[in-house]
Amino acid sequence: MAFRKVRTWAAAALLVGATGAQAATVEVLHWWTAGGEAKSVAELKRLLAAQGHQWRDFAVAGGGGDQAMAALGDRVSQGNAPAAAQIKGPAIQDWGRRGALANLDDIAKQQAWDSQLPRVVADIMKVDGHYAAVPVNVHRVNWLWINRDALRRVGARPPSNWDEFFGLAERLQRAGIVPVAHGGQPWQDFTTFETVVLSVGGAEFYRKAFVQLDPAALRSPTMERALTTFRRIRQYTDRTGVQREWNQATASVIKGESAMQFMGDWAKGEFLAAGKKPGDDFLCVPAPGTDRAYIFNIDSFAMFQLKDAAANEAQRALVKTIMSPEFQTTFNLNKGSIPAVTGTNRERFDRCGQESSAHFVASAMLHNLVPSIAHRMVQPDGKEQALREAVAAFWNDERTSAAETMDRFVEVAKPRARS
């Protein structure tokens, strides 16, 4: 088995919370360099410093992590891997099966990770059944953000199904308000589409289509309904917003120029930064038909095998700290997401955070937690990109039919021939 268990350093188990321990350095690759994310990194540095360890930044900004992954590949190929790297989804298994990641099972047992993480989340952190990464948060993707004043202007309530949604969109449009803010970048198209698929087909259909890439699901009446619903949304968007950044679309909702936006809970930070209050100025509600299901996007750190004993001890302290209730709470208050672990105090979170947390737990119990295909939690990059491009082509070109798009989905799902 390529995934190898590294030695357990006896002193490491006593390190967290100990005083007078020899300082060690932990090098971490990430791309959190601004805003609430930078504040969260600073908190992690502080907690490690209190344990006698030094944090060494290996920050690579830009590219949504693509540049960071290129830098990581160079370092690992040179035999000089960092202690931890911000990696998510299938990339964790990819690195683990190359024999590059450390085994965290003993820490996981000590901190009872299996009882704190839903199984679908825990499985993403594992390689061949062994923990190799640690989650820092959970983002809910299937949110609908609404400007409350826009609702008041048309005397409406948040929509709970697609009939209500499109009826509201018509009323908003007649009132001179753009119903839906949308940036038009392919990943934003895909984010909205995966939400529609969950709504139309339910969690089990979503898993068959995007996790299993089942051709029967990818080319089905249910998928056709999802595509038709998805395209219908477009007529209620601002066509001048093509290739607009997601936060610019959010700004139009904040200003009341647009009424609604389909986006993950990172959008909440934009509302809060503008001095808006959840419940009073804006609403966060599940996208129509998805109140009993949850699309998740998780940030995580994979731990690499290290040769230096002191660095190994610092790495283990980092792992334990990330999974501590104190860090999980502080990090997610800064970032707008929720803790990945259960049992943390949610009282400090705002209404949106508390609702997200409650839906996360309930969806896990109902087996309705599903990983985001649009945010690289499910498929390798090549397949995800091909599906994303097919969705964007359907959204942007009325001449592209649902049948043609489903054919493209099925083509992506075909196994690659081995050379």
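## Exercises on a sheet, a helix and a pocket

In this predicted model, strand S3 (residues 84-86) and strand S13 (residues 300-303) form an antiparallel pair over three bridges.

**Exercise 1.** Find the residue opposite glutamine 86 in S13, then place the pair in its sheet.

*Solution.* Start with the facing residue: phenylalanine 301 in S13 stands opposite glutamine 86. Next, trace the open sheet of five strands, whose order is S2-S1-S3-S13-S6, with mixed pairing. Strand S2 (53-59) and S6 are the edge strands, each pairing on one side only. Finally, check the twist: neighbouring strands are turned by 25 degrees against each other on average, direction ignored. To see what covers these strands, look at H14, which lies across strand S1 (24-30), S2, S3, S6 and S13 and runs at about 60 degrees to S1.

**Exercise 2.** Work out which elements the buried residues of H15 pack against.

*Solution.* First list the buried residues of helix H15 (residues 325-335): Phe327, Gln328, Thr329, Thr330, Phe331, Asn332 and Lys335. Then look for their partners, which are helix H1 (35-49), strand S6 (133-135), strand S7 (139-140) and helix H14 (309-322). Now step past the helix end: glycine 336 follows H15 and has a positive phi, near 95 degrees.

**Exercise 3.** Describe the second largest pocket and the lining around it.

*Solution.* Begin with the volume, about 450 Å³. The lining has 20 residues, and those closest to the pocket centre are Val120, Asp123, Ile124, Val211 and Pro371. Sort the lining by type to get eleven nonpolar, five polar and four charged residues. By element, H6 gives the largest share, four residues.

Key
Residues are numbered from 1 along each chain as its sequence is written. This is a predicted model: local features need pLDDT of at least 70, side-chain atom pairs count only at pLDDT 80 or more; totals for chains, interfaces and linings use all residues. Side-chain values use heavy atoms; hydrogens and water are left out. On a 1 Å grid over the protein atoms alone, a cavity is a set of points where a 1.4 Å probe fits but cannot get out, and a pocket is an open set with protein on both sides within 12 Å along at least five of seven lines; lining residues have an atom within 4 Å of a point. Grid points are joined across faces, edges and corners, and a volume is the space filled by probe spheres set on the points. Helices (H or I, at least four residues) and strands (E, at least two) are DSSP runs, numbered from the N terminus. Ala, Val, Leu, Ile, Met, Phe, Trp, Tyr, Cys and Pro count as nonpolar, Asp, Glu, Lys and Arg as charged, and the others, Gly among them, as polar. Buried means under 20% relative accessible area, exposed over 50%, partly exposed in between (1.4 Å probe, protein chains only). Contact means heavy atoms within 4.5 Å. Two strands pair if DSSP finds at least two bridges between them. Axes are lines fitted to C-alpha atoms, for helices over the stretch in contact, and angles run from 0 to 180 degrees between N-to-C directions.
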